[in-house]
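The following exercises concern helix packing, domain contacts and the relation between two chains. Each task is followed by a solution in steps.

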Number of protein chains: 2
Amino acid sequence: MKLVSPGEAAANTNDVPAEAGEEFVRIGEMAKKYGVTLRTLRFYEDKGLLNPHRDGSTRLYTRRDKARLKLILLGRKVGFSLRDVKQMMDLYDPTGTNTKQLRLALDKSEKQLARLQKQRALIDDAIGELSNSMSIVRQMLSERTAAPQASAAG
Amino acid sequence: MKLVSPGEAAANTNDVPAEAGEEFVRIGEMAKKYGVTLRTLRFYEDKGLLNPHRDGSTRLYTRRDKARLKLILLGRKVGFSLRDVKQMMDLYDPTGTNTKQLRLALDKSEKQLARLQKQRALIDDAIGELSNSMSIVRQMLSERTAAPQASAAG
DNA sequence: CGCACCTTTTACGTTTACGTCAATTCTATA
DNA sequence: TATAGAATTGACGTAAACGTAAAAGGTGCG
């Protein structure tokens, strides 16, 4: 039941990376390499963001998958949803100029940048309010620990 | 079935605020006044953050509830979870100095402030990366719209 | 041969703060 | 009295990105 497709049955035996230029890596190595969990890789695949080859039922990731994963992680870092990332990646066409893809990416990026700036403003606001409240609380605490010592027993 | 508690049966007939110093407001007015939904007020009550009086089954909010709601909204604004807000409010004792409450609030606030600052750093980082990517994409787009005009028609 | 280790699929659980019906009741007013 | 406008208590739904079993298959090694 090995179902290895004739053209790409080149996977090594099993475990340790044999030599430098590995063609395929399995999910464990892939996960370690990019600091994600197995679940995450399978999840991304389930969402159509990754499409590793298979050796039977075992996933085999290539350079292409690594490049895609890097993009996913970058997208996540800048706050895109996986859905957005997928939309952008789905427009990729290796045979064209990808103008549409780039335009979409730029459009989404501008909106995301605006969101990030708004978020930053909210956070700054929150920091201000919180600092403010904290100084008030500190004031109240210092008033409570300074005076009442006279009445009660030490 | 009016079950109005003898000491506090002072609610007006029903709708429009009669005079200036209203004692009780119903949920609709309360919601409007603070820009929240009815669902939110009921939810907060369900979570033990609010405790309005009742006229039969109708909730009646007093000055005390308004003060509590203000605190909740402030807490939410600075990023506390409702659970945190509740923990802090639960320590309030109108007969004491509330030192424990203030200390807890200060402690939680310091941690929250740290979280906010970390978030801000992450956002700044994201903004940087995103701006970076955007300029690259713009560059790619300008390259695609400048040269290829020679080969194709129109 | 058996064990440890890697991998697979399936599928429910988690988190937070409500949204969104649905069915019902109450009330004041025209 | 009919109706429109509040209000009530359920109770399921939502979003996002995975976490966490569970049960089972494959395999190189000592």
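**Exercise 1. Packing of H3 and H4 in chain A**

Task: In this predicted model, determine how helix H3 (residues 63-77) of chain A and helix H4 (residues 82-90) of chain A are arranged, given that their axes come within 10 Å.

Solution.
Step 1. The axes of H3(A) and H4(A) cross at roughly 140°.
Step 2. An angle counts as roughly antiparallel if it is over 145 degrees, as roughly parallel if under 35, and as roughly perpendicular from 65 to 115; the rest are oblique. H3(A) is therefore oblique to H4(A).
Step 3. As to handedness, H3(A) and H4(A) form a right-handed crossing.
Step 4. On the H3(A) side, Arg68(A), Leu71(A), Ile72(A) and Gly75(A) take part, and they meet Asp84(A), Val85(A) and Met89(A) of H4(A).
Step 5. Sorted by class, the residues of this contact are 4 nonpolar, 1 polar and 2 charged.

**Exercise 2. Packing of H4 and H5 in chain A**

Task: Establish how H4(A) is oriented against helix H5 (residues 99-146) of chain A, and name the residues through which they meet.

Solution.
Step 1. The axes of H4(A) and H5(A) lie 8 Å apart, and the packing angle is about 155°.
Step 2. Since angles over 145 degrees count as roughly antiparallel, H4(A) is roughly antiparallel to H5(A).
Step 3. H4(A) contributes Asp84(A), Gln87(A) and Met88(A), whose partners in H5(A) are Gln101(A), Leu104(A), Ala105(A) and Lys108(A).
Step 4. The contact of H4(A) with H5(A) comprises 3 nonpolar, 2 polar and 2 charged residues.
Step 5. Asp84(A) meets H3(A) residues and also H5(A) residues.

**Exercise 3. Domains of chain A**

Task: State the domain bounds of chain A and describe the contact between the domains.

Solution.
Step 1. According to the domain assignment, chain A has domain 1 (1-90) and domain 2 (99-146).
Step 2. Domain 1 of chain A supplies 6 residues to the contact, and domain 2 of chain A supplies 7 residues.
Step 3. The side of domain 1 that touches domain 2 in chain A consists of 3 nonpolar, 2 polar and 1 charged residues.

**Exercise 4. The two chains**

Task: Describe the contact of chain B with chain A and find the symmetry that relates the copies.

Solution.
Step 1. Chain B and chain A each give 30 residues to the contact.
Step 2. In chain B, helix H3 (63-77) and helix H5 (99-146) each supply at least two residues of the side touching chain A. The largest share, 25 residues, comes from H5(B).
Step 3. This side of chain B has 15 nonpolar, 9 polar and 6 charged residues.
Step 4. A turn of 180° with a shift of 0.0 Å along the axis lays chain B on chain A with an RMSD of 0.0 Å. The two copies are thus related as by a two-fold rotation axis.
Step 5. The same surface serves both copies, as 100% of the contact residues of chain B recur in chain A.
Step 6. Among the residues of chain B, Arg120(B) comes closest to the rotation axis, with its C-alpha at 3.1 Å.

How values were computed. Residues are numbered from 1 along each chain as its sequence is written. Chains are lettered from A and ligands numbered from 1 in the order in which they are written. This is a predicted model: local features need pLDDT of at least 70, side-chain atom pairs count only at pLDDT 80 or more; totals for chains, interfaces and linings use all residues. Axes are lines fitted to C-alpha atoms, for helices over the stretch in contact, and angles run from 0 to 180 degrees between N-to-C directions. Helices (H or I, at least four residues) and strands (E, at least two) are DSSP runs, numbered from the N terminus. A crossing is left-handed if the near helix is turned anticlockwise from the far one by less than a right angle, and right-handed if clockwise. Two residues are in contact if their C-beta atoms, placed from the backbone, lie within 7 Å. Ala, Val, Leu, Ile, Met, Phe, Trp, Tyr, Cys and Pro count as nonpolar, Asp, Glu, Lys and Arg as charged, and the others, Gly among them, as polar. Copies are superposed by least squares on the C-alpha atoms of residues with pLDDT of at least 70 in both. Domain bounds come from an automatic or database domain assignment.
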